[in-house]
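Colleague: I am new to this one and would like to understand the labels people put on its parts. Could you take me through the reasoning behind them?

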Amino acid sequence: MNAAMESTFDLLQLLAQMFVFAIGVAFLVAVILFVIDRTQTGDAVRRNYPVIGRFRHLFSELGEFFRQYFFAMDREEMPFNRAQREWVARAALGKSNTISFGSTRNINAVGTPIFVNDPYPPLDNQFAASEPLIIGPGAKIPFSAPSFFNLSGMSYGALSRPAVQALSRGCKEAGIWMNTGEGGLSPYHLEGGCDIVFQIGTAKYGVRSEDGGLCDDKLRKVAAHENVRMFELKLAQGAKPGKGGILPGEKVSAEIAEIRGIREGESSLSPNRHREIGNNEELLDMIQRIREVSRKPVGIKIVVGSPDHIRDLFGAIQKRGAEAAPDFITIDGGEGGTGAAPMPLMDLVGMTIREALPRVADLRAEFGLTDRIRLIASGKLINPGDVAWALAAGADFVVSARGFMFSLGCIQALKCSKNTCPTGITTHDPRFQKGLVPESKFKRVAQYAKGIVKEVEVISHSVGVSEPRMLRRHHVRLVLDSGRSERMNKVYPEAG
């Protein structure tokens, strides 16, 4: 018994010594930090409140995560709230998105779309079904696009290898196209076997000549891939109009450098515009050149700053003839996303898709180009209601990037440009990439796309049309600042 008591006493004594030692170390560290904080001149809070002032930075860093998980309501967060993300998550897992009790959406918010249900909708066996649509009927190799909902541009480089692999396989499974983004065509885009839209950015990665111009031989080589169906000439992006793409140096691996034709480890900054394109005439010349070399449909990606610019472009097309027109125009809203962009451009430049799309659709009709130019809508359209609204407003197709990122498992950590994405989607660190397994994630990509199409068809069936592209503005009411709603064709009268 005495031996046991002595052993217990010795253990307590050891614990006490360890505690005192720990206190001593903590005190020493605090003293060192006190001296550092008091003598540094860069941070006023730490200088005035040594040691304690450090907690402010810590809590500021952790604040966004605490808000996301514990404090924010389902419809409060930005850029995407929990309700939006969870719809994508359920669709990606193939789960039902049927809910109970009542909507959590504030339907009184100005601009909220409310679909006009038909008093005598089609019977269930007359369900609204999607149909393919041809893009570039005048091209030597036109493209019959199977789906109205597709994957928007995200480059290999901005995205990781397993993310591109999963997206490629998922797009094939769902029967939708995949836009390469401006980073060029990688083997991982091709390995899934999906339809591909090759984006030509201002730096012309993948089709770039030695002097930074467009190389016809490289363009012809890319076009030779059967899966490459169209080319998109990117003039601007919603998150950074007037600014070229930004790929931080830590994400430029040897492989990405080879695909893009840049130096490994150095930041890749695209020019703010195509140097060959300074006006509408030069733009139409470039479109025609790419179409002749590739033999495939060619379109442009723009951000609308003023409808006057679109009117001028359509006027230039009218003078040359409809055959000179781009085969499609992708309209990216000023609220669009990206991996890296200056905050003023992301927050303050470019019309939103909610305003730009109906205005461009009206101008297209006014100039008699509705059957010639397909409109593709982009910009935070990740749920069925957003997609159905865009089709009703005048879009022929809708594309999403971040919706598909959520389907891969994105948690909106807002670390896309830091190479530390915890889900492995936007990082080239093998430690994080191992969390993203393409062999299982591609199924989520496909199920998300199929879920969007299915529920947009549900909305179409409810309003009484037989195909989602038959949605029109009179099928939607918009909530006004008076609190009342008005048909969208009254707010934005349809031209033509």
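Colleague: What makes Arg275 and Asp211 a salt bridge?

Modeller: This is a predicted model, and in it the closest N and O atoms of Arg275 and Asp211 are 3.4 Å apart. The cut-off is 4 Å between a side-chain nitrogen of Lys or Arg and a carboxyl oxygen of Asp or Glu, so the pair qualifies. Arg275 sits in the loop between S9 and H9, and Asp211 in the loop between S6 and H7, 64 residues apart. Both Arg275 and Asp211 are exposed.

Colleague: Which residue forms a salt bridge with Lys204?

Modeller: That is Glu276, with the closest N and O atoms 3.0 Å apart. This pair also links distant parts of the chain, 72 residues apart: Lys204 is in the loop between strand S6 (195–200) and helix H7 (216–223), while Glu276 is in the loop between strand S9 (268–269) and helix H9 (280–294).

Colleague: Why does Lys204 count as buried?

Modeller: Its relative accessibility is 1%, and buried means under 20%, so Lys204 falls in that class. Glu276 has 24%; that value lies between the 20% and 50% limits, so Glu276 is called partly exposed.

Colleague: How do you know that Asp285 and Arg320 form a salt bridge?

Modeller: Their closest N and O atoms are 2.8 Å apart, and the limit is 4 Å, so the label fits. Asp285 belongs to helix H9 and Arg320 to helix H10 (residues 307–320), 35 residues apart. Asp285, at 43% relative accessibility, counts as partly exposed, and so does Arg320 at 32%.

Colleague: How many salt bridges does the count come to?

Modeller: The count is 19. There is also a network of salt bridges that links Asp37, Arg46 and Arg54.

Colleague: Let us turn to the strands. Why is S7 described as largely enclosed by the rest of the structure?

Modeller: Strand S7 (residues 228–234) has 7 residues and 6 of them are buried, so the description follows.

Colleague: What makes S6 and S7 a pair?

Modeller: Pairing needs at least two bridges, and S6 and S7 have 5, so they pair, in the parallel sense. One of the partnerships is Ile196 with Val228 in S7. Together, S6, H7 and S7 make a right-handed β-α-β unit. S7 is also joined to strand S10 (residues 298–302) by 4 bridges, and these strands run parallel; there, Leu233 has Ile300 in S10 as its bridge partner.

Colleague: Which residues have the most contacts inside the largest nonpolar core?

Modeller: They are Phe149, Phe231, Phe314, Leu357 and Tyr448, in a core of 102 residues. Helix H16 gives the largest share of this core, 9 residues. Another core, of 11 residues, lies apart from it and includes Leu133, Val197, Phe397 and Val399. In soluble globular proteins, nonpolar side chains tend to be buried together.

Colleague: What is Tyr448 in contact with, leaving aside its neighbours within four places in sequence?

Modeller: Its contacts include Trp87, Phe149, Ile382 and Phe404.

Colleague: And why is Ser460 called buried?

Modeller: Ser460 has a relative accessible area of 0%, and the cut-off is under 20%, so Ser460 is buried. This residue lies in helix H16 (residues 438–463). Not counting residues up to four places away in sequence, Ser460 touches Ala128, Val465, Glu467, Pro468 and Leu471.

Methods: Residues are numbered from 1 along each chain as its sequence is written. This is a predicted model: local features need pLDDT of at least 70, side-chain atom pairs count only at pLDDT 80 or more; totals for chains, interfaces and linings use all residues. Side-chain values use heavy atoms; hydrogens and water are left out. Buried means under 20% relative accessible area, exposed over 50%, partly exposed in between (1.4 Å probe, protein chains only). Contact means heavy atoms within 4.5 Å. A nonpolar core is a set of buried Ala, Val, Leu, Ile, Met, Phe, Trp, Tyr and Cys residues joined through side-chain atoms within 4.5 Å. A crossover is right-handed if, with the strands pointing away from the viewer, the path from the first strand over the helix to the second runs clockwise.
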